[in-house]
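Please open the structure in your viewer and keep the sequence panel at hand. We will go from the whole chain to single side chains, one selection at a time.

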Amino acid sequence: MRILLDESVPERLGGLFQGHTWSSVRREGWAGLKNGQLLAAAAGTFDLLLTADKNMEFQQNLATLPMSIVIVRARSNRAEHLAELVPAVLLALGMLQPRTLIKVAAHG
């Protein structure tokens, strides 16, 4: 799967997604794009946007998503807190349907 890390996700998490290719919004030159513009720009190159933006699901028409979105919710957006969710994200990727939005959250 081709994963795009949103600006809200530290780039160093990319290396934890073994078996998948990844890049970041910053690396692609898309920093600062609004969510809808970002999804449109990324749709031809990436299968999934990984974000910590909790408002993403309310800002997009979920019926017409151009790519899948995984929203991660950890104690903070710090790399060590988000890294705790990577095993759950990898598990979710195995069941993810195209052009859907799911949330992966820390428990406790």
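## The whole chain

Start with a cartoon view: the protein chain has five helices and five strands. Bear in mind as you look around that this is a predicted model. Coloured from the N terminus onwards, the elements follow the order β-β-α-α-β-α-β-α-α-β. The radius of gyration is 13 Å, close to the 13 Å from the globule rule for 108 residues, so the chain is as compact as a globular protein of that length. Along the principal axes, a box of roughly 30 × 25 × 25 Å holds the C-alpha atoms.

Switch on the surface next. About 5900 Å² of the protein chain is exposed, and carbon and sulfur atoms supply 52% of that area. Of the 108 residues, 42% are buried. If you draw contacts between residues at least 6 apart in sequence, 53% of them join residues at least 24 apart.

## Into the largest core

Hide the surface and select Leu50, Val70, Val72 and Val89: these have the most contacts inside the largest nonpolar core, which has 20 residues. Which elements should you show around them, each supplying at least two residues of this core? They are strands E1 (2–5), E3 (48–51) and E4 (68–73), together with helices H4 (79–83) and H5 (86–93). H5 contributes the most, with four residues.

Now centre on Leu50 and show its surroundings. Beyond its neighbours within four places in sequence, Leu50 touches Ile3, Leu4, Leu5, Asp6, Val9, Phe17, Val70, Val72 and Val89. Then pick Leu39, Leu49, Met67 and Ile69, which are among the 14 residues of a second, separate core. In soluble globular proteins, nonpolar side chains tend to be buried together.

## Down the axis of H5

Select H5 and turn the view until you look along the helix. Its buried residues are Val86, Val89, Ala92 and Leu93. They fall within an arc of 120 degrees, so they line one face of the helix. What do these buried residues pack against? Show E1, E3, E4, H4 and E5 to see their partners. On the other side of H5, look for Pro87 and Leu91, which are exposed.

## Charged pairs

Finish with the charged side chains: the whole structure contains eight salt bridges.

- Select Arg2 and Asp47, whose closest N and O atoms are 2.7 Å apart. Arg2 sits in strand E1 and Asp47 in the loop between helix H2 (35–42) and E3, so this pair links distant parts of the chain, 45 residues apart. Both are partly exposed: Arg2 has a relative accessible area of 34%, and Asp47 has 29%.
- Move to Arg27 and Glu11, which form a salt bridge with an N to O distance of 3.7 Å. Here helix H1 (residues 25–28) carries Arg27, while Glu11 is in the loop between E1 and strand E2 (21–24), 16 residues away.
- Last, pick Lys103 and Glu57, with closest N and O atoms 3.2 Å apart. Lys103 lies in strand E5 (residues 101–105) and Glu57 in helix H3 (residues 56–59), so the pair ties together parts 46 residues apart in sequence. Is each partner buried or partly exposed? Lys103 is partly exposed at 43% relative accessible area, whereas Glu57 is buried at 14%.

Before you leave, add Arg26 to the view of Glu11 and Arg27: salt bridges with shared partners join these three into one network.

Conventions. Residues are numbered from 1 along each chain as its sequence is written. This is a predicted model: local features need pLDDT of at least 70, side-chain atom pairs count only at pLDDT 80 or more; totals for chains, interfaces and linings use all residues. Side-chain values use heavy atoms; hydrogens and water are left out. A nonpolar core is a set of buried Ala, Val, Leu, Ile, Met, Phe, Trp, Tyr and Cys residues joined through side-chain atoms within 4.5 Å. Buried means under 20% relative accessible area, exposed over 50%, partly exposed in between (1.4 Å probe, protein chains only). Contact means heavy atoms within 4.5 Å. A salt bridge is a side-chain nitrogen of Lys or Arg within 4 Å of a carboxyl oxygen of Asp or Glu. The arc is that of the directions from the helix axis to the C-beta atoms. The radius of gyration is taken over C-alpha atoms; the globule rule is 2.2 Å times the number of residues to the power 0.38. Accessible areas come from the Shrake-Rupley method with a 1.4 Å probe; for residues, only the protein chains shown count as cover.
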